[in-house]
Amino acid sequence: MEQLIPLYVILPLGAAFLIPVIGRFIKGFQKTITSLVFLFLLALSIKFILNGINEPLTYKIGGWEPVGNIPIAIYFVLDGLSIFMLCIVNLIAFLSGFYAISYIKKYTAENNFYALFSLMVAGMNGVILTGDLFNLFVFLEIAVIASYALVAFGIEKEELEASFKYQVLGGMASLLILFSIGLLYWNTKTLNIADIATLIKAGTYNKILIFSQLVLIAGFGLKAAIIPFHAWLPDAHSSAPSPISSMLSGVLIKAIGIYAIIRLFFNMFAISHEIALTLTTLGVLSMVIGSLLAIGQWDIKRLLAYSSISQVGYIIMGVGIGLLILTTNGNKAIAALSIFGGLFHLVNHAVFKGLLFLSAGAVEHRTGIRDLKKLGGLSSKMPVTSSSSLIASLAISGIPPFNGFFSKLVIIIAAIQAQYYWLAAIAIVISIITLAYFLKLQKYAFYGKANNKINNLKEVPFTMCFSMIVLAILCIGLSLLIIPGIREAVMEPAVNTLINKANYLLIL
Amino acid sequence: MIVYLLCFILFLVGLFGVLTKRNVIKIVIGLSVMEFSLFLFFALIGYIDKGIAPIIVQNIPNAKFVDPLPQAMVLTAIVIGLATNAMLLAIAIRLYKKYNTFDIRKINSLKG
Amino acid sequence: MNGMTPIVKKVTQLIVGLIFLYGIYIITHGHLTPGGGFAGGAVVAGSFVLLVLAYGSNILKLKKREEGSSVVESLGILLFTVLAFAAIFIGTKVFFANYLPKGVIGELISAGVIPLYNIAVGIEVAAALFTIFLALVIYKEEVLK
């Protein structure tokens, strides 16, 4: 089974470079090959989860065996957390790619869109799988440069300006990450993550390591859009085409931002109490400021983009509470519960934010308007879009029995058990504010008086409906993850690799 | 020690360019100068005292080489920097056609 | 755009072949001397760009989109992927391994499959840089009209 691990990177890369060559001659080649590739990778991920991951599977690229206990190859590591993230990425990629089959018809360069889309997914898969620091940087750059081009895909004024802003800020963040990798290499003379973990465990307080940790928080924090590094996100996510918005907001900021932070901070570094406190504070700030800024927005996609900042704050707060408990040597069960809440909210947010962006794109596809004051009364003419958008809004606000309720409940219970009462209170208040602005979105966009200037309103085509219906079913279906039987199979391996650091070192 | 300080000063020169210049092309050049300072830092990390260039020739016995791994990393990073610059310049040219100006203070139609 | 003065055109005519040959030398000797795929590819692209700059794009009758060089770029990467994939079927059956015989250090034909990778990367980088240049030239002509 280990031989199949590099397929996650080879297949999207091969598709991305076959499309310009063969897509000229055969019409419709690009749509079928991307859908088939992502469907295959999704089936492979589900098969890996059903087999169960007890200890991490590794694959050494090129077959270079360690020389005298020093690892010299680039490792691809598949453990509980990696397979969990790979499932999410490939699921949202398949559904967004399927949605894009109808949506992209209004642009002209369809070949380039699918090639860049496959390249972005190849980069994200590479970041999740890799066990080597510089390889992480290379795959991160592949994914991010493809996303720069995709944000500016329809070449209007706002899209170009948003892409330029995104590129300059993202470029500086990549430079900070490269600088931190340089500092780590200078100290430990190796690039393998597990090897650095053994070397850092032996040493103690070191000023250069703490500096490199702070630079890494700044660099990856900008990719994950944590306050105060969030300035690019509202422009970029609202100006991109809708399937790209759902990919960016749903998986890109998590796969290259949050995943990289939690992999490096839990499994590689020896955390001190102050760094954990910094991370949790940034999470709480993101939660509060993102919500407060979202209330006053009148553009659908800008409101959803600010709401993304807020929900990412929930995830970082959940993970940060677990980190705080681990550094003060508290109760490991509470840390496990808090990290479980954070990861559960990660998968939930990918599903319902993806669905919200896809339904906003459906509204824009039919009416051409994104301003909330000019829309209204769409629920009678577009039943699928409005009902799936209603389900996603209820899920993100935390209404039972949808999945958002259970993940927020777990985070709040873990905060109360760890005696951080203020954080639990803030989480509850922000959840109520989230409900407020999503009710505003629903009222102005779908219910209320109809705007008579919009004519020939029909439902959107079949491929767009299919993606939205599947995601809406998942919104209810994912709340089954709280049941102890399914939780053991899916989430426990992911949480275990973060709590027990020694599990990751088994790959050496 | 002083070489690392000069590297940092080059980084600050690039940062000054990104932060204060108004022309879009000058911002791109400032970002490029920041990248080059990082490449210089990487090449300096691998230096071992009295080492020679890491190329194996047939009949020179065991010589002391400098570390070749940062040099490989710098080559890869240069290619990535090239892709970033090409992307930025393509967007800058199209931005000129839409807004008719290169001044970054006038390109602000996205607010709020 | 128009070309340059006749002196530049004549000197370019004499030199561009030598630059191309130098680029190919850097690519193929990548396992013996510094350079390799990327640096050699950049020099080869430089020779093409010099040709377009000196003679002007009017002579070349550029089409609306840069098709030929884009296809060559994709073919370069596909060659790389096929070579890496072929490692699964030959030799140690691991992806991306080095499966041809490694000869004596310092000969031109040695070090396994690395010279072939260098050639694939060289073709790809030269085509990619030339495609970027053509895209900017064609776009400039559309803007000026």
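**A walk from one lysine through three chains**

At 45% relative accessibility, A:K189 counts as partly exposed. Let's begin our tour of this predicted model with that lysine and ask which residue it pairs with in a salt bridge. The partner is B:D67, and the closest N and O atoms are 3.9 Å apart. As a bit of background, side chains of opposite charge can pair when their charged atoms come close. The cut-off for a salt bridge here is 4 Å, so the 3.9 Å between A:K189 and B:D67 falls within it.

Where do the two ends of this pair sit? The salt bridge between B:D67 and A:K189 runs from one chain to another: B:D67 lies in the loop between α2 (24-45) and α3 of chain B, and A:K189 in the loop between α6 and α7 (193-202) of chain A. The aspartate B:D67 has a relative accessibility of 18%. Because buried means under 20%, B:D67 counts as buried, whereas its partner A:K189 counts as partly exposed.

From here we can step back to the interface that this pair crosses. On the chain A side, 33 residues are in contact with 36 residues of chain B. The size of an interface is often given as the accessible area lost when the parts come together. For chain A and chain B that area is about 3,300 Å², with 79% of it on carbon and sulfur atoms. Three residues, A:E161, A:F164 and A:L175, supply 20% of the area that chain A buries against chain B, more than any other three residues.

How many salt bridges does the rule find across the interface of chain A and chain B? There is one, and the pair of A:K189 and B:D67 is a salt bridge between these chains. The rule also finds five residue pairs in polar contact across this interface. On the side of chain A that touches chain B, the helices α5 (133-151), α6 (157-188), α9 (233-239) and α12 (300-327) each supply at least two residues. Of the elements, α6(A) gives the most, with 17 residues. Sorted by class, this side of chain A has 21 nonpolar, five polar and seven charged residues.

Now for the other face of our tour, where chain A meets chain C. Here 13 residues of chain A are in contact with 14 residues of chain C. The area buried between chain A and chain C is about 1,200 Å², and carbon and sulfur atoms give 74% of it. In chain A, the residues that lose the most area to chain C are A:I10, A:F17 and A:R24, which together make up 44% of what that side buries. How many salt bridges are counted between chain A and chain C? The count is zero, and the count of residue pairs in polar contact is zero as well. Two elements of chain A, α1 (7-22) and β1 (57-60), give two or more residues to the side that touches chain C. The helix α1(A) gives the most, with five residues. By class, this side of chain A has eight nonpolar, three polar and two charged residues.

Let's return to charged pairs. A search of the whole structure finds eight salt bridges over all chains. One of them lies inside chain A: A:D235 forms a salt bridge with A:R302, with the closest N and O atoms 3.0 Å apart. This pair links distant parts of the chain, since A:D235 is in helix α9, A:R302 is in helix α12, and 67 residues separate them. A:D235 is buried, with a relative accessible area of 4%, and A:R302 is buried too, at 6%. In chain B, the side chains of B:D103 and B:K106 meet in a salt bridge of 3.2 Å, N to O. Salt bridges that share partners also join A:K165, A:D235 and A:R302 into one network.

Finally, consider chain A as a whole. It holds 18 helices and two strands. Its radius of gyration is 22 Å, close to the 23 Å that the globule rule gives for 508 residues, so chain A is as compact as a globular protein of that length. Its C-alpha atoms fill a box of roughly 75 × 60 × 45 Å along the principal axes. Of the 508 residues, 66% count as buried.

Notes. Residues are numbered from 1 along each chain as its sequence is written. Chains are lettered from A and ligands numbered from 1 in the order in which they are written. This is a predicted model: local features need pLDDT of at least 70, side-chain atom pairs count only at pLDDT 80 or more; totals for chains, interfaces and linings use all residues. Side-chain values use heavy atoms; hydrogens and water are left out. Contact means heavy atoms within 4.5 Å. Buried area is the accessible area (1.4 Å probe) that two parts lose on being put together, summed over both. A polar contact is a pair of N or O atoms within 3.5 Å; within protein, one must be able to donate a hydrogen and the other to accept it, and residues adjacent in sequence count only if both atoms are side-chain atoms. Helices (H or I, at least four residues) and strands (E, at least two) are DSSP runs, numbered from the N terminus. Ala, Val, Leu, Ile, Met, Phe, Trp, Tyr, Cys and Pro count as nonpolar, Asp, Glu, Lys and Arg as charged, and the others, Gly among them, as polar. Buried means under 20% relative accessible area, exposed over 50%, partly exposed in between (1.4 Å probe, protein chains only). The radius of gyration is taken over C-alpha atoms; the globule rule is 2.2 Å times the number of residues to the power 0.38.
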